[in-house]
Amino acid sequence: MAKATKKQALGRGLSALLKDPENDIQSASDKNADKVVGNIVELDLGTIEVNPFQPRSNFNDTALKELATSIKELGVIQPITVRKLDFNKYQLVSGERRFRASKLVGLETIPAYIRIANDQESLEMALVENIQRQDLDPIEIALSYQRLIDEIKLTQERLSDRVGKKRSTITNYLRLLRLDPIIQTGIRDGFTSMGHGRALVNIEKKEDQIALYERIISENLSVRETEKAVKIYHEGGDGKKTTTAKATNVPDFAKIGTEALTDRLSIKVGVQASPKGKGKITIPFHSEEEFNRIKKLIIGD
């Protein structure tokens, strides 16, 4: 606990400076700005608001609780980044998981780097910071790239330089957004990989994309097998029929059961089944609340 105390003691003097109305820093040229901007300052959690530009949409509850336990024992090891909005008022740029976990364990302050940025700069910083993370799914990354192009007006070449990725890599992510939303959700939920998505995007018709996607799920096709199926599809009429026929090669009882479960639970249910009747049912959920909703529908209170 000594380490945590030492961490939380960082920036106390700078924190007091920021709470002095006579030292209200609004720009990098203001008096004492050099003492604050770019330095670690201990900020009250109550003075920080979440970032509306946050590109992350999923926060795993279990992982968040594990992080909270770590913070309770060791403190916040890596400071968050905020931008100054007004006197003693800040907005998150990056580090929302650390921010949420700190609140979860009842901390009153958190170490933070202070930036002075406008809305556009804040959006760009938040997007780029999150793209660098390892735990974003491919669709989240693709959406972040698209927002940088649409809202920051970056070309793919400039975006490549900004995020340190090859232009071809960025293009491959952006192409995933051409997939049917059902398939995008499947990638986010881990039913299929980005490799499967890159193969499926070569099929223009959404209904045919979904037909092959359902075959990937039911037959557990590898990326290479999916690429081969797409090649057969593009060989012409027979290829298309072959793909569609195989995509529907699922026992009738499983098809009917899948539709009924999906309607009942209001969520896309995955079913794998062989003609002999063996198989498994996969029910995805994105939060503890959703899990409890599904559990209640299945087994009651």
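Is Thr192 buried or exposed? Select Thr192 first: with a relative accessible area of 6%, this residue is buried, a word that stands for under 20% relative accessible area, while exposed stands for over 50% and partly exposed for the range in between (1.4 Å probe, protein chains only). Thr192 lies in the loop between α10 (181-188) and α11. Now display its contacts, that is, residues with heavy atoms within 4.5 Å. Not counting residues up to four places away in sequence, Thr192 touches Gly186, Ile187, Tyr213, Ile216 and Ile217.

**Before going further**

This is a predicted model, in which local features need pLDDT of at least 70 and side-chain atom pairs count only at pLDDT 80 or more, whereas totals for chains, interfaces and linings use all residues. Residues are numbered from 1 along each chain as its sequence is written, and side-chain values use heavy atoms, with hydrogens and water left out.

**The whole chain**

Display the entire protein chain, which has 16 helices and seven strands. Helices (H or I, at least four residues) and strands (E, at least two) are DSSP runs, numbered from the N terminus. Of the 301 residues, 42% count as buried. Among the contacts with a separation of 6 or more, 66% are between residues 24 or more positions apart.

Next, colour the chain by pLDDT, the predictor's confidence in each residue, from 0 to 100. The average for the protein chain is 76, and 73% of the residues score at least 70. Among the elements, helix α11 (residues 194-200) has the highest mean pLDDT (95), and helix α14 (residues 237-247) the lowest (40). Two stretches deserve a separate selection. Over residues 1-11, pLDDT stays under 50, and the model has 18 contacts beyond four places in sequence for them. Over residues 237-248, pLDDT also stays under 50, with 17 such contacts. Where pLDDT is low, the predicted coordinates should not be read in detail.

**The sheet**

Select β1, β2, β3, β4 and β5. These five strands form an open sheet in the order β1-β5-β3-β4-β2, and the pairing is mixed. Two strands count as paired if DSSP finds at least two bridges between them. At the edges stand β1 (40-44) and β2 (48-49), each with a single partner strand, so one side of each is left without a neighbour in the sheet. Helix α5 packs on the sheet and touches β2, β3, β4 and β5; its direction makes about 125° with that of β4. Such angles run from 0 to 180 degrees between N-to-C directions, the axes being lines fitted to C-alpha atoms, for helices over the stretch in contact.

Move to strand β3 (residues 80-86), where five of the seven residues are buried. To strand β5 (residues 109-115), β3 is joined in parallel by four bridges, and Thr81 stands opposite Tyr113 in β5. With strand β4 (residues 89-94), β3 pairs in the antiparallel sense over five bridges; here Val82 stands opposite Leu92 in β4. β3 and β4 form a hairpin with two residues between them, and Asn88 in the turn has a positive phi of about 55°.

Now select helix α5 (residues 96-104), whose buried residues are Glu96, Arg98, Phe99, Ala101 and Ser102. Just after α5, Gly106 takes a positive phi of about 85°.

**The nonpolar cores**

A nonpolar core is a set of buried Ala, Val, Leu, Ile, Met, Phe, Trp, Tyr and Cys residues joined through side-chain atoms within 4.5 Å. The largest one has 35 residues, of which Tyr145, Leu148, Leu159 and Val163 touch the most other members. The elements α6 (119-131), α7 (138-151), α8 (156-163), α9 (167-175), α10, α11, α12 and α13 each supply at least two residues of this core. Its largest share, six residues, comes from α7. Centre the view on Leu159, which touches Tyr145, Leu148, Ile149, Leu154 and Ile170, not counting residues up to four places away in sequence. A second, separate core of 18 residues includes Val41, Val76, Ala101 and Ile114.

**Last stops: Asn220 and Ala229**

Select Asn220, in the loop between α12 (206-219) and α13 (223-233). Asn220 is exposed, with a relative accessible area of 56%, and has a positive phi of about 55° although it is not a glycine. Finally, find Ala229 in helix α13. Ala229 counts as buried, at 2% relative accessibility. Its C-alpha atom and that of Arg215, 14 residues apart along the chain, are separated by 9.9 Å.
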